[in-house]
Structure formats: structure tokens, C-alpha cells
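Hi everyone, thanks for making time for this. I'd like to walk you through a structure that is new to most of us, so please have a look at it before I start.

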Amino acid sequence: MPSPLPPIPGTTPFDGDQARKGYALNKMCFSFNDEANRKAFLADEEAYMRKYGLNEQQAAAIRAKNVLQLIAAGGNAYYLAKFAGIFKLDMQDIGAQQTGMTKDEFKAMLVAAGK
């Protein structure tokens, strides 16, 4: 068996344990590929989360719309993008959350890095 990769500070690797932990959350987010499911979620978020069996950590992260909490709860970035899209969050919103910046601060950092 290969040795585990060294930890990267500030990251949560998506490994087998995280996949098992986030199965219900990722399954729910995958369902958002269907417009009817996105509408059903928006109509009653709590009922929709119960339908997929989210645990309290996952449900709290969904309520907070906090991507870092969702990743810690087992969320996979590819599936979480489906969730973020419902609320018109783009990659700059997500990057701002991940860095603890406002969206405007994050955008300014990107512009400065590109110079």
C-alpha cells in the first residue's frame, strides 16, 4: 500500500473517507443537474435535505452556503459547484470564501497576480 501523501495546510483531501462521509451530500448536489430538483430544493430546503439524509454538519453547511464547511462535511468540489450555481455563486465567490476575503478583495488579488 502506498504511503499517504503529506498534508497540505488549509486543505481537505477528497479521499475514500471523505467520499463515504459526503455520499448523501454529493448525491443531493448531483441531483441539481435536473431543474425540477433545483426548484424543489429552493421551495423547501429542509425537506429536500431530509430526503437525501444529510447529517447535521452537512445541513448546517448547506444552510450557511459555506463551501469550506461543505468540503469539511465530505463535499466534492465538482458536486458542490451544482449547489453553488443555484444561488448564483461563481468561482470568485468560492475563492473568496476559501481565502477569507470579500469577493472584491479576491478579485483585486487575482488582477494584481496577473500583472
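**A first tour of the chain**

Let's begin with the record: UniProt, in an unreviewed entry, places the feature "domain: Extradiol ring-cleavage dioxygenase LigAB LigA subunit" at residues 25-110. Please keep in mind that what you see is a predicted model. In this model, the span 25-110 is 77% helix and 0% strand. The C-alpha atoms at its two ends lie 30 Å apart.

Now the whole chain. How many helices and strands does the protein chain have? There are nine helices and zero strands. If you read along the sequence, then, the pattern is simply α-α-α-α-α-α-α-α-α.

As for dimensions, the C-alpha trace spans about 45 × 40 × 20 Å along its principal axes. The protein chain has 115 residues, and 30% of them count as buried. The accessible surface comes to about 7,500 Å², and carbon and sulfur atoms hold 60% of that. Looking at contacts with a separation of 6 or more, 53% are between residues 24 or more positions apart. And for charges, we have 14 positive and 12 negative ones, with mean positions 4 Å apart.

With that background, let's visit some residues.

My first stop is Gln 18, in helix H1, which covers residues 16-21. Is Gln 18 buried or exposed? Its relative accessible area is 11%, so Gln 18 is buried. Which backbone oxygen does its side chain reach? That would be the one of Ile 71, at 3.0 Å. If we leave out residues up to four places away in sequence, Gln 18 touches Thr 12, Pro 13, Ile 71, Ala 72 and Gly 74.

Next, move along to helix H2, residues 23-31, where we find Tyr 23. Tyr 23 has a relative accessibility of 55%, so this residue counts as exposed. Now look across to Asp 90: from Tyr 23 to Asp 90 is 67 residues in sequence, and the two C-alpha atoms are 23 Å apart in space.

Let's go on to helix H4, which runs over residues 45-52 and contains Glu 46. Glu 46 counts as partly exposed because its relative accessibility is 31%. Which side chain is joined to that of Glu 46 by a polar contact of 2.7 Å? The partner is Arg 63. Ile 62 makes a useful second landmark here: it sits 16 residues from Glu 46 along the chain, with 9.7 Å between their C-alpha atoms.

Now for the loops. Lys 65 lies in the loop between helix H5, residues 56-64, and helix H6, residues 67-72. With a relative accessible area of 25%, Lys 65 is partly exposed. Its phi angle is near 55°, which is a positive value in a residue other than glycine.

Another lysine with a positive phi is Lys 88, where the angle is near 60°. You'll find Lys 88 in the loop between helix H7, residues 77-86, and helix H8. Lys 88 counts as exposed, since its relative accessibility is 71%.

Leu 89 is also found in the loop between H7 and H8. At 24% relative accessibility, Leu 89 counts as partly exposed. How far is Leu 89 from Lys 65 in space, and how far in sequence? They are 24 residues apart in sequence, and 9.5 Å apart from C-alpha to C-alpha.

My last stop is Asp 93, which has its place in helix H8, residues 91-99. Why does Asp 93 count as buried? Its relative accessibility is 17%, and the cut-off for buried is under 20%. The side chain of Asp 93 makes a polar contact of 3.5 Å with the side chain of Lys 103. Setting aside residues up to four places away in sequence, Asp 93 touches Lys 88 and Lys 103. That brings us back to Lys 88, the exposed residue from the loop before H8.

To recap for anyone taking notes: this is a predicted model of a chain with nine helices and zero strands. Two buried residues to remember are Gln 18, whose side chain reaches the backbone oxygen of Ile 71, and Asp 93, whose side chain makes a polar contact with that of Lys 103. Thanks for listening!

Definitions and conventions
Residues numbered from 1 in each chain as written. Predicted model: local features only at pLDDT ≥ 70, side-chain atom pairs only at ≥ 80, totals over all residues. Heavy atoms only, no water. Helix = DSSP H or I, 4+ residues; strand = E, 2+ residues; numbered from the N terminus. Buried < 20%, exposed > 50% of the residue type's maximum accessible area, 1.4 Å probe, protein only. Contact = heavy atoms within 4.5 Å. Areas by Shrake-Rupley, 256 points an atom, 1.4 Å probe, with all protein chains shown as cover. Lys, Arg positive; Asp, Glu negative; His and termini not counted. Charge placed at Lys NZ, Arg CZ, Asp CG, Glu CD. Polar contact = N/O pair within 3.5 Å; in protein donor to acceptor, adjacent residues only side chain to side chain. UniProt positions renumbered as here; feature names shortened; annotations may be inferred.
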